[in-house]
Amino acid sequence: MEETKTYIRDARSPTPKNEQTSKTMSAIKAKNTKPELILRKTLWNKGIKGYRLHWKKVPGRPDIAFPGKKIAIFINGCFWHRCPSCNPSTPKTNIEFWQNKFSKNIERDKRKIEELQSLGWQVLTIWECEIKKDLDTQITKIKEFL
Ligand SMILES: [Zn+2]
């Protein structure tokens, strides 16, 4: 039982059939993922405060929201949201399932952004790999938005 615990908690996901897929999956969690924590900590250290986390009062529950300024930040995991720059691999089994899942995620991301924008929000998407590669640039981007 201990072993299955590391898999992502999503009843809709098939049980990973190969080592690599299960590794990838267990490294990914929906909320409070590591890059997000790193980013939040850095914002805090730079004195950027006043944001809400996973704010429910606007569409899409942005990972980081500055309600007063109407700025929403999404921190996207490269695997689930199909990062355009690092081009993550697709699991080799259950291809149809994954493709379906990914296209739904992409659609949802797009819809969230559109809904927020129609309410007058500015939306910034930051990818996991961008945080890992160049955190300073991401902080600068956020600062420019604020
Ligand atoms: Zn990426």
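A residue counts as partly exposed when the number of other C-beta atoms within 10 Å of its own falls between the buried mark of 20 or more and the exposed mark of 12 or fewer. With that in hand, Arg 82 is easy to place: it has 17 C-beta neighbours inside 10 Å and therefore counts as partly exposed. The model is a predicted one, and in it Arg 82 sits in the loop between α4 (78-81) and α5 (95-118). The backbone there is a bit unusual to look at, since Arg 82 is not a glycine and yet has a positive phi of about 55 degrees.

Lys 70 tells a similar story. Its phi is positive too, at about 55 degrees, and Lys 70 is not a glycine either. This residue belongs to the loop between β2 and β3. Lys 70 has 15 C-beta neighbours inside 10 Å, so it counts as partly exposed.

Stepping back to the whole chain, there are 7 helices and 4 strands. Going along the sequence, they come in the pattern α-α-α-β-β-β-α-α-β-α-α. Of the 146 residues, 19% count as buried. As for how the chain folds back on itself, take the contacts with a separation of 6 or more: 57% of them are between residues 24 or more positions apart.

Next comes the nonpolar interior. The largest nonpolar core has 15 residues, and the ones touching the most other members are Ala 65, Ala 72, Ile 73, Ile 75 and Ile 126. At least two residues of this core come from each of β2 (64-66), β3 (71-76) and β4 (122-127). β3 gives the largest share, with 4 residues.

Ile 75 is worth following a little further. Apart from its neighbours within four places in sequence, Ile 75 is in contact with Pro 35, Glu 36, Leu 39, Asp 63, Ile 126 and Glu 128. One of these partners, Pro 35, lies in helix α3. Pro 35 is buried because 20 other C-beta atoms lie within 10 Å. Setting aside the neighbours within four places in sequence once more, the contacts of Pro 35 are Ile 75, Glu 128, Ile 131 and Lys 132. Pro 35 and Ile 126 are 91 residues apart along the chain, but their C-alpha atoms are separated by 9.9 Å.

That leaves the packing of α3 against another helix. In general, a packed pair of helices is described by the angle between the axes and the distance between them. For α3 (residues 34-45) and α7 (residues 135-145), the angle is about 60 degrees and the axes are 11 Å apart. The two helices are therefore oblique to each other. The crossing of α3 past α7 is right-handed. On the α3 side, the residues that meet α7 are Ile 38, Leu 39, Thr 42 and Leu 43, and on the α7 side they are Leu 135, Gln 138, Ile 139 and Ile 142. Sorted by class, this contact has 6 nonpolar residues, 2 polar ones and no charged ones. Leu 39 turns up in both parts of the picture: it is among the α3 residues that meet α7, and it is also one of the contacts of Ile 75.

Terms used:
Residues numbered from 1 in each chain as written. Predicted model: local features only at pLDDT ≥ 70, side-chain atom pairs only at ≥ 80, totals over all residues. Axes fitted to C-alpha atoms, helices over the stretch in contact; angles between N-to-C directions. Parallel < 35°, antiparallel > 145°, perpendicular 65-115°, else oblique. Left-handed = near helix turned anticlockwise from the far one by under 90°. Contact = placed C-beta atoms within 7 Å. Nonpolar A, V, L, I, M, F, W, Y, C, P; charged D, E, K, R; others polar. Core = buried A, V, L, I, M, F, W, Y, C linked by C-beta atoms within 7 Å.
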